[in-house]
Amino acid sequence: MRKSILVFMALGLAACGASLEDATPDTAAEASVPVSDLLDSAYVLTMSEAVLENASHPETLTVELDDRSVITIGGRPSQTASYGRTSGFGIQVPVEIESEASGQRVEVAVVLKSSRAVPVDVQAAYSTNEVGNSGWQALQAGSDWAIATFQYDVPELVNGLGDFVGLQSATGDSFEIAAIGFDIIPVEVAVSDVDTDTGDNVPGEPN
């Protein structure tokens, strides 16, 4: 049975008490990008002006939102940090997902495509901005809209500083994203002590 999809059309900062809201997908975006056909995730975050405003990215990246509700990411970051808000285009995860994912496994599904006729190698990371991150995971954006997924065993949150999904091109070539889906997979996650003095790009490291 197909899961019911909750579409986040607005995203506020966790510190401001962002909340989960039902909304109807933008019809123009649905007409050009088959998000609902591709994603069967329990939670779906569609790209919007609110998502863009609450995201972060370095000056070396170009990020543009068009009238299809699609964000195009180009350029290459000067760093390769998968911790904090990441060195890529860092999209804040809604607080409800951050809370539910704590101590569980999260599967992230990205609806993406290359901006050109050739595939683009994409790097993606899930960062808790506090107690660990997935490290960069290799995805590929092809010439047609498709989903690329990765999983991460999320450590239990401590202060809840806001989770982020970071996306960046491995080559500097542009790619497009239309939505990100989240599924929580309950598992027993062994969380070991972490060295809070390090910021290395290693899964399980802080930030």
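1. Aromatic pairs. Searching the whole structure, which is a predicted model, turns up 1 aromatic pair. The partners are Tyr126 and Tyr152, with ring centres 5.9 Å apart and planes at 40° to each other, so the pair counts as tilted, since that label covers what is neither under 30 degrees nor over 60. In sequence the two tyrosines are 26 residues apart: Tyr126 belongs to strand S7 (residues 120-127) and Tyr152 to strand S9 (residues 146-153), and the pair links distant parts of the chain. Both Tyr126 and Tyr152 are buried.

2. A charge over a ring. If you're browsing for other ring contacts, have a look at Trp145. The charged end of Lys113 sits over the Trp145 ring, 5.9 Å from the ring centre.

3. Thr128. Follow the chain on from S7 and you come to Thr128, in the loop between S7 and strand S8 (137-141). Is Thr128 buried or exposed? It's buried: the relative accessible area is 3%, and the cut-off for buried is under 20%, so Thr128 qualifies. Its side chain reaches the backbone oxygen of Gly132 at 2.7 Å.

4. Who else touches Thr128? Setting aside neighbours within four places in sequence, Thr128 is in contact with Tyr152, Val154, Pro155, Gly162 and Asp163. Tyr152 will be familiar by now, as one of the two rings in the tilted pair with Tyr126.

5. The four-stranded sheet. S7 and S8 also turn up in an open sheet of 4 strands, ordered S5-S10-S7-S8 and paired antiparallel. Which strands stand at the edges? They are S5 (89-92) and S8; each has a single partner strand, so one side of each is left without a neighbour in the sheet. On average, neighbouring strands here are turned by 30° against each other, ignoring direction.

6. The S5 end of that sheet. S5 and strand S10 (residues 164-169) run antiparallel and are joined by 4 bridges. For a landmark when you're lining the two strands up on screen, try Gly90, which stands opposite Gly166 in S10.

7. The protein overall. There are 4 helices and 11 strands. Of the 207 residues, 48% are buried, and Tyr126 and Tyr152 belong to that buried group. Taking contacts with a separation of 6 or more, 79% are between residues 24 or more positions apart. The tyrosine pair from the opening point, at 26 residues apart, is an example of a link between distant parts of the chain.

Notes. Residues are numbered from 1 along each chain as its sequence is written. This is a predicted model: local features need pLDDT of at least 70, side-chain atom pairs count only at pLDDT 80 or more; totals for chains, interfaces and linings use all residues. Side-chain values use heavy atoms; hydrogens and water are left out. Rings of Phe, Tyr and Trp (its six-membered ring) pair if their centres lie within 6.5 Å; planes under 30 degrees apart count as stacked, over 60 as edge-to-face and the rest as tilted. Buried means under 20% relative accessible area, exposed over 50%, partly exposed in between (1.4 Å probe, protein chains only). A charge sits over a ring if NZ of Lys or CZ of Arg is within 6 Å of the ring centre and within 35 degrees of the ring normal. A polar contact is a pair of N or O atoms within 3.5 Å; within protein, one must be able to donate a hydrogen and the other to accept it, and residues adjacent in sequence count only if both atoms are side-chain atoms. Contact means heavy atoms within 4.5 Å. Two strands pair if DSSP finds at least two bridges between them. Axes are lines fitted to C-alpha atoms, for helices over the stretch in contact, and angles run from 0 to 180 degrees between N-to-C directions.
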